[in-house]
Amino acid sequence: TTAACVIANATGTGVTGTITNSSGFTTLLGATLGNDLTLSSTAVISGTAGLRIGVDGTTGDNVGTVTINSSNTYGVGTQLDGGTLVLGNNSALGTNTLTLSNSTSSVLQAGGADRTLANNIVWGGSGTLSGTHAFTFNGTFTSSGSNSRTLTVSNTGGATLAGNVFLSDSNSSARSLEINGISAVTISGVITNNNVGNTLASPLT
């Protein structure tokens, strides 16, 4: 169920006021093709529910650009359903998990400077890091939901995966994670097959 819903149908759409959600009512942010939505540093998202980047309440993928410049405190995770998500604050996604949905069009960018995220990340689709700044991911990074996932790293400065990297979300289903692109990737965390029994092999290429 969606509580607050802001969809940009024009370029330069902005939000400066606070957004508060409640249990069971997800905040929905998105932009239609060629358009953009920007949350300023004062547009804080709080409450006990999560955040979805999309263009309708259930399945519609985001196809524009959403920029979040605020430090947020909402209580559940974030789901990215396509389009470009620009993070202009290290705490833009609060403290909970970022889940990339089963999409091949999702793009993450670090806005304004290099960004360091503490969030755990579930890579449930094939997505791209782009833009002019680097990412450091200190949480866990888990390949999920399909036999094959791709992380394309094309942002200036590349990416560091500093938390543990799980090549599958299950000990009963092998996955594969492919990392490609034009920028450097450093994995300083422990690479394991999964975070359950760790007995079923999953490849990293």
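These legends accompany close-up views of a predicted model.

**View 1. The eight-stranded open sheet.**
This sheet is open and has 8 strands. Their order is E2-E5-E8-E10-E12-E15-E18-E21. The pairing is parallel. E2 and E21 form the edges, each pairing on one side only. Strand E21 covers 176-181. From one strand to the next, the twist averages 15 degrees.

**View 2. The E2 edge and its partner E5.**
Strand E2 spans residues 13-15 and runs parallel to E5. The two strands are joined by 3 bridges. Val-15 has Leu-39 as its bridge partner in E5. Leu-39 is also one of the buried side chains of E5.

**View 3. Two faces of strand E5.**
Which side chains of E5 point to one face and are buried? They are Leu-37 and Leu-39. Asp-36 and Thr-38 point to the other face and are not buried. The side chains thus alternate along the strand.

**View 4. From E5 through E8 to E10.**
Strand E5 (residues 36-39) pairs with strand E8 (residues 65-68) in the parallel sense. This pairing runs over 4 bridges. Asp-36 has Thr-65 as its bridge partner in E8. E8 is also joined to strand E10 (residues 84-87) by 4 bridges. These two strands run parallel. Here Val-66 has Leu-85 of E10 as its bridge partner.

**View 5. Strands E15 and E18.**
E15 covers residues 127-130, and E18 covers residues 148-153. They pair in the parallel sense over 3 bridges. Which residue of E18 stands opposite Thr-128? The residue is Thr-152. Both strands belong to the open sheet of 8 strands, where E15 is followed by E18 in the order.

**View 6. The four-stranded open sheet.**
A further open sheet has 4 strands, in the order E13-E16-E19-E22. Its pairing is parallel. The edge strands are E13 (115-117) and E22 (185-187). Each of them pairs on one side only. Neighbouring strands are turned by 10 degrees against each other on average, direction ignored.

**View 7. The E22 edge and its partner E19.**
Strand E19 (residues 159-161) pairs with E22 in the parallel sense. There are 3 bridges in this pairing. Leu-161 stands opposite Ile-187 in E22.

**View 8. Arg-52 in strand E7.**
Arg-52 sits in strand E7, which spans residues 51-53. Is this residue buried or exposed? Arg-52 counts as buried because its relative accessibility is 7%, and the cut-off for buried is under 20%. Thr-78 lies 26 residues from Arg-52 along the chain. Their C-alpha atoms are separated by 5.7 Å.

**View 9. Ser-202 and its contacts.**
Ser-202 lies in the segment after strand E23 (191-192). The relative accessibility of Ser-202 is 8%, so the residue counts as buried. Which residues does Ser-202 touch, not counting those up to four places away in sequence? They are Leu-167, Ser-168, Ala-174, Arg-175 and Asn-193.

Definitions and conventions:
Residues numbered from 1 in each chain as written. Predicted model: local features only at pLDDT ≥ 70, side-chain atom pairs only at ≥ 80, totals over all residues. Heavy atoms only, no water. Buried < 20%, exposed > 50% of the residue type's maximum accessible area, 1.4 Å probe, protein only. Contact = heavy atoms within 4.5 Å. Pairing = 2+ DSSP bridges. Axes fitted to C-alpha atoms, helices over the stretch in contact; angles between N-to-C directions.
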